[in-house]
2 protein chains.
Amino acid sequence: MTTLFKASEHAIAAARSAREAIRQGFDKPTAGLAAGMTQANMIALPRDWAFDFLLYAQRNPKSCPVLDVCEAGSWQTVLAEGADLRTDIPRYRVWRNGKLETEITDATEIYRDHPDLVTFLIGCSFTFETSMMEAGIDVRHISDNTNVPMYKTNRLCRPAGRLQGELVVSMRPIPAERVADAVSITGRFPSVHGTPVHIGAPEALGITDIMAPDFGDPVRIQSGEIPVFWACGVTPQAAVMKSGVPFALSHAPGHMFITDVPDAAYHV
Amino acid sequence: MTTLFKASEHAIAAARSAREAIRQGFDKPTAGLAAGMTQANMIALPRDWAFDFLLYAQRNPKSCPVLDVCEAGSWQTVLAEGADLRTDIPRYRVWRNGKLETEITDATEIYRDHPDLVTFLIGCSFTFETSMMEAGIDVRHISDNTNVPMYKTNRLCRPAGRLQGELVVSMRPIPAERVADAVSITGRFPSVHGTPVHIGAPEALGITDIMAPDFGDPVRIQSGEIPVFWACGVTPQAAVMKSGVPFALSHAPGHMFITDVPDAAYHV
């Protein structure tokens with residue numbers, strides 16, 4: 001990101017209105033809401049784990065691009081004035097000892113019972129999808145109105161302290177003649193996953209069945225299209241699982257936090 | 001940075017040879033050594049301060065772009081296999097309670113007496129200067145063989161925990177017709193300070209006398225040239241001073257750590 005410059009009043013009003021709807025009970029994936037405003041993955045860990053996680057993110061910046069770190073115990077972020085991270089995400093996941101315990105739509109009690117949570121907001125590929133569509137590249141899961149397919153890979157992230165785990169990737173099928181364009185376009189957003197980590201050859205990533213993603217939904221791959229893989233913001237959840245973190249709170253995949261920061265702020 | 005890809009054998013040999021010379025006693029600024037290989041600022045803090053510093057860097061990425069964080073107590077980095085951060089920097093500064101205590105050329109005893117130091121390597125603008133010169137933009141302090149001028153500004157960084165301090169900037173005079181090119185070129189290196197933070201109007205940054213920098217040397221500004229300001233890796237030292245950090249070790253300005261990573265690795 002270059003600078004946290006302010007979006008237009010109109011754009012901020014759209015983001016506020018989306019967060020207000022979410023606070024009132026909207027419980028669906030957020031793709032397409034407040035278009036042009038940056039959405040973020042969320043993960044919150046006990047303070048004792050915060051350094052390990054921040055280091056894990058620093059060491060794996062393509063999968064864990066940190067957009068903001070809240071003060072310990074706080075649910076406020078500089079990315080959206082007046083927002084409340086306890087209520088302004090449609091759906092949360094509660095993790096205990098590395099296992100998914102439950103999903104909830106209001107995390108107020110979680111923050112009360114765990115007053116030392118440090119909340120991280122992490123970049124999301126929604127930011128560059130808008131630019132790809134503007135360049136005439138079909139983003140299949142948006143066209144087909146499904147969730148993006150995500151896969152655990154055989155690549156391990158660089159560990160940090162007690163945290164370790166696999167790289168998780170998202171996949172978008174791209175016509176062979178537009179793959180270079182997709183690289184260029186997403187490369188302009190290094191702080192929200194940037195360029196692909198892998199183009200074609202899914203088997204080399206340990207993906208044996210491209211139609212059976214580990215998270216999200218499978219998408220149609222047409223003749224002449226290449227599967228292109230980007231580092232994915234679900235990677236932190238994979239680390240929470242693999243490392244047996246005693247307690248964590250995250251967003252549910254696809255159910256993002258909508259900020260007041262325009263996508264353009266992350267464009268280099 | 002996209003990936004830690006390996007430089008050529010030849011380039012790595014040049015970096016190793018430079019580090020070897022430094023280890024044997026070379027005690028001068030490192031500009032121009034092992035050209036094309038990334039050089040880094042260094043700061044090491046007690047483990048208890050590591051989270052605050054990593055957070056400070058995350059919140060002020062233009063001035064504190066972290067390239068690597070070593071394990072607590074370690075002097076090894078993934079950026080240069082076999083390098084020894086206790087001896088492979090020409091000159092170090094020792095800070096106590098926010099005050100410069102002394103300068104040394106070997107930090108072996110420091111690491112022995114402070115076994116919990118966490119060492120951070122931070123991007124340096126040398127990385128983009130090569131690209132500017134290749135584009136025919138004169139980099140004045142290199143042409144004139146002086147140290148780059150650096151200034152404390154009236155802009156405060158976003159604080160983190162116990163750390164606070166001013167933004168420090170470096171300045172390069174650029175012909176008015178090349179300022180846009182300088183922005184484009186440096187913008188391709190977002191993880192080593194990226195685009196300028198300020199172009200012209202030094203008084204708006206609180207700089208009253210451009211010929212009296214706070215660090216480094218003044219440089220000639222010719223008719224038709226605009227002073228252009230980039231965030232500077234001395235910003236962490238300003239935070240150490242302002243925040244009264246009980247103990248810290250840093251490189252001496254201009255006396256950098258030479259890595260095995262080519263500048264191109266930080267090009268987006």
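1. Let's start where the two chains meet: 20 residues from chain A and 21 residues from chain B take part in the contact. Please keep in mind that this is a predicted model. Together, chain A and chain B bury about 1,800 Å², with 58% of that on carbon and sulfur atoms. A trio worth a look is A:Phe51, A:Leu54 and A:Gln58, which supply 29% of the area that chain A buries against chain B, more than any other three residues.

2. Now for the polar side of this interface. There are four salt bridges between chain A and chain B. A:Arg59 forms a salt bridge with B:Glu71, where the closest N and O atoms are 2.9 Å apart. Eight residue pairs are in polar contact between the chains, both residues being at pLDDT 80 or more.

3. On the chain A side, the elements that give two or more residues are helix H2 (47-59) and strand E2 (66-69). H2(A) gives the most, with six residues. By character, the chain A side divides into 11 nonpolar, four polar and five charged residues.

4. Moving on to the sheet in chain A: four strands form an open sheet in the order E6-E7-E9-E8, with antiparallel pairing. Strand E6 (150-156) and strand E8 (198-199) each have a single partner strand, so one side of each is left without a neighbour in the sheet.

5. Within that sheet, seven bridges join E7 (residues 166-175) to E9 (residues 225-231) of chain A. A:Pro173 stands opposite A:Pro227 in E9(A). Helix H6 (residues 179-187) of chain A packs on the sheet, touching E7, E8 and E9, and its direction makes about 20° with that of E9(A).

How values were computed. Residues numbered from 1 in each chain as written. Chains lettered and ligands numbered in written order. Predicted model: local features only at pLDDT ≥ 70, side-chain atom pairs only at ≥ 80, totals over all residues. Heavy atoms only, no water. Pairing = 2+ DSSP bridges. Contact = heavy atoms within 4.5 Å. Axes fitted to C-alpha atoms, helices over the stretch in contact; angles between N-to-C directions. Buried area = accessible area lost by both parts, 1.4 Å probe. Salt bridge = Lys/Arg side-chain N within 4 Å of Asp/Glu carboxyl O. Polar contact = N/O pair within 3.5 Å; in protein donor to acceptor, adjacent residues only side chain to side chain. Nonpolar A, V, L, I, M, F, W, Y, C, P; charged D, E, K, R; others polar.
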